Amino acid sequence: MDKIIVGVYIGLLVMSYAAFYNTSSDFTIRPLHVQFSARLDSIYRTRDKELSLVAQTENITKKELWDLETILRSASFRNKTIILTTINEAWAAPNSLIDIFMESFHVGDGTQDLLDHVLMVALDQKAYDRCQAIHVHCFKLMTEVDLSGEKLFMTKDYVKLVWKRIDLMRIVLKMGYNLVFSDADILWLRDPFSYLSIDAVDAAFSCDFFNGNETDLANTPNTGFLYFQSTNRTLELFNLWMRFREFHPSMHDQDVMGIMKSSKEFANLKIKVRFLNTNIISGFCSVSQEFENICTMHANCCTSIERKMHDLRLVLRRWKYLKSHKRARKKLKRIPWRVPKECVRSWT
């Protein structure tokens with residue numbers, strides 16, 4: 001903070017000097033507020049051109065982009081990074097998944113401040129209204145179809161919903177922001193950023209099942225928890241993702257990625273990809289037993305809101321107990337999370 005203050009002070013001195021000793025022949029003095037105004041106008045015009053280019057290639061208006069820009073600037077941190085999640089009416093209803101999601105930040109280890117950097121993108125009006133009632137950073141994304149109700153796994157509306165998330169991520173990346181995308185059925189138990197090594201990769205994928213090698217493309221990616229750095233390689237990845245979707249229109253984003261990552265086109269991107277260890281970025285498909293290392297828990301391999309809520313609440317209760325009982329923790333060779341329980345019934 002002291003360095004920032006000193007920098008601003010020096011900047012003001014330089015601008016004052018320039019204003020007084022103007023190089024024009026008549027030594028016209030330009031007041032500081034005029035110089036600041038001109039500089040701000042230049043910044044605005046540059047950014048307006050950038051957002052116009054995004055609007056030309058995406059299904060979003062420039063006004064919506066400016067609204068989104070305002071929120072992103074307020075919520076971003078760590079070199080323009082945002083935590084992004086999407087909600088609809090079903091997931092945002094009172095005492096539903098969004099409440100469990102937010103509670104995890106409050107009871108997690110070092111996660112409380114991260115909630116200030118979460119942007120909730122609502123896919124319908126009721127979800128947006130609920131977001132405004134419980135959170136600071138909310139944005140309503142216009143959609144052509146009704147995505148408000150519960151979308152069961154692999155139904156047509158479910159596929160539309162997950163691809164809408166991909167559209168949103170691509171827009172945010174084009175705007176120059178890095179992002180961590182988190183489904184709202186994920187518990188944030190610890191700050192995962194130190195593990196993510198965000199400066200070393202273009203993209204990081206959570207996994208349903210992790211084979212022990214973070215660079216092995218044979219891992220099974222899960223698109224519920226992702227990290228993307230805003231680079232040209234990453235934007236090319238999203239373009240390729242959409243092209244592959246055209247060949248597999250009935251598939252959701254995760255399955256298309258599973259096919260695409262083994263392609264020559266993907267290899268040609270030379271993108272730096274990391275697959276995340278399920279002992280740290282965990283989920284119901286592969287439940288972590290490493291209490292001291294786990295950062296997130298995803299209700300994946302589960303098909304309904306009620307089942308997800310039931311099992312996530314079990315995890316939260318267990319987390320609170322073990323977090324406050326260190327001695328009991330040390331005696332355990334395996335962590336009895338007692339999940340998945342209801343989610344096991346998803347496939348019966």
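Colleague: Which helix are R73 and E69 both in?
Modeller: The two residues sit 4 apart, about one turn of the helix. Helices here are DSSP runs of H or I, at least four residues long and numbered from the N terminus. R73 and E69 both lie in helix α3.

Colleague: Before we go on, what kind of model is this?
Modeller: Residues are numbered from 1 along each chain as its sequence is written, and side-chain values use heavy atoms, with hydrogens and water left out. Local features need pLDDT of at least 70, side-chain atom pairs count only at pLDDT 80 or more, and totals for chains, interfaces and linings use all residues, the model being predicted.

Colleague: Back to that pair: which residues are joined with R73 and E69 into one network?
Modeller: R73 and E69 form a salt bridge at 2.8 Å, N to O; the term means a side-chain nitrogen of Lys or Arg within 4 Å of a carboxyl oxygen of Asp or Glu. E69 is buried at 2% relative accessibility, where buried means under 20% relative accessible area, exposed over 50% and partly exposed in between (1.4 Å probe, protein chains only). Through shared partners, salt bridges link R73 and E69 into one network with R47 and E50.

Colleague: K63 has a salt bridge too. Is K63 buried or exposed?
Modeller: Its partner is D67, at 3.1 Å from N to O, and both residues lie in helix α3, 4 residues apart. D67 is partly exposed, with a relative accessible area of 34%. K63, at 60% relative accessibility, counts as exposed.

Colleague: How many residues apart in sequence are the parts tied together by R170 and E58?
Modeller: The closest N and O atoms of this salt bridge are 2.7 Å apart. R170 is in helix α7 (residues 156-174), while E58 is in the loop between α2 (32-57) and α3 (62-75), so the pair ties together parts that are 112 residues apart in sequence.

Colleague: And which of the two has a relative accessible area of 9%?
Modeller: R170 is buried, with a value of 8%. The other partner is buried as well, and the 9% belongs to E58.

Colleague: How many salt bridges are there by this rule?
Modeller: Side chains of opposite charge can pair when their charged atoms come close. By this rule, the count of salt bridges comes to 20.

Colleague: Which residue, 91 places along the chain from V162, has its C-alpha atom 6.5 Å away?
Modeller: V162 is in helix α7 and is buried, with a relative accessible area of 2%. Leaving aside neighbours within four places in sequence, its contacts (heavy atoms within 4.5 Å) are with H252 and D253. The residue with the C-alpha atom at 6.5 Å is D253.

Colleague: D253 also turns up in the contact of α9 with α10. Which residues of α9 take part there?
Modeller: The axes of α9 (residues 232-247) and α10 (residues 253-260) come within 10 Å and cross at roughly 105°. On the α10 side the contact involves D253, V256, M257, I259 and M260. On the α9 side the residues are L237, L240, W241, F244 and R245.

Colleague: What share of the chain is buried?
Modeller: The secondary structure comes to 13 helices and 10 strands, strands being DSSP runs of E of at least two residues. In α9, the buried residues include T234, F238 and M242. Across the 348 residues of the chain, the buried share is 52%.

Key: Axes fitted to C-alpha atoms, helices over the stretch in contact; angles between N-to-C directions.
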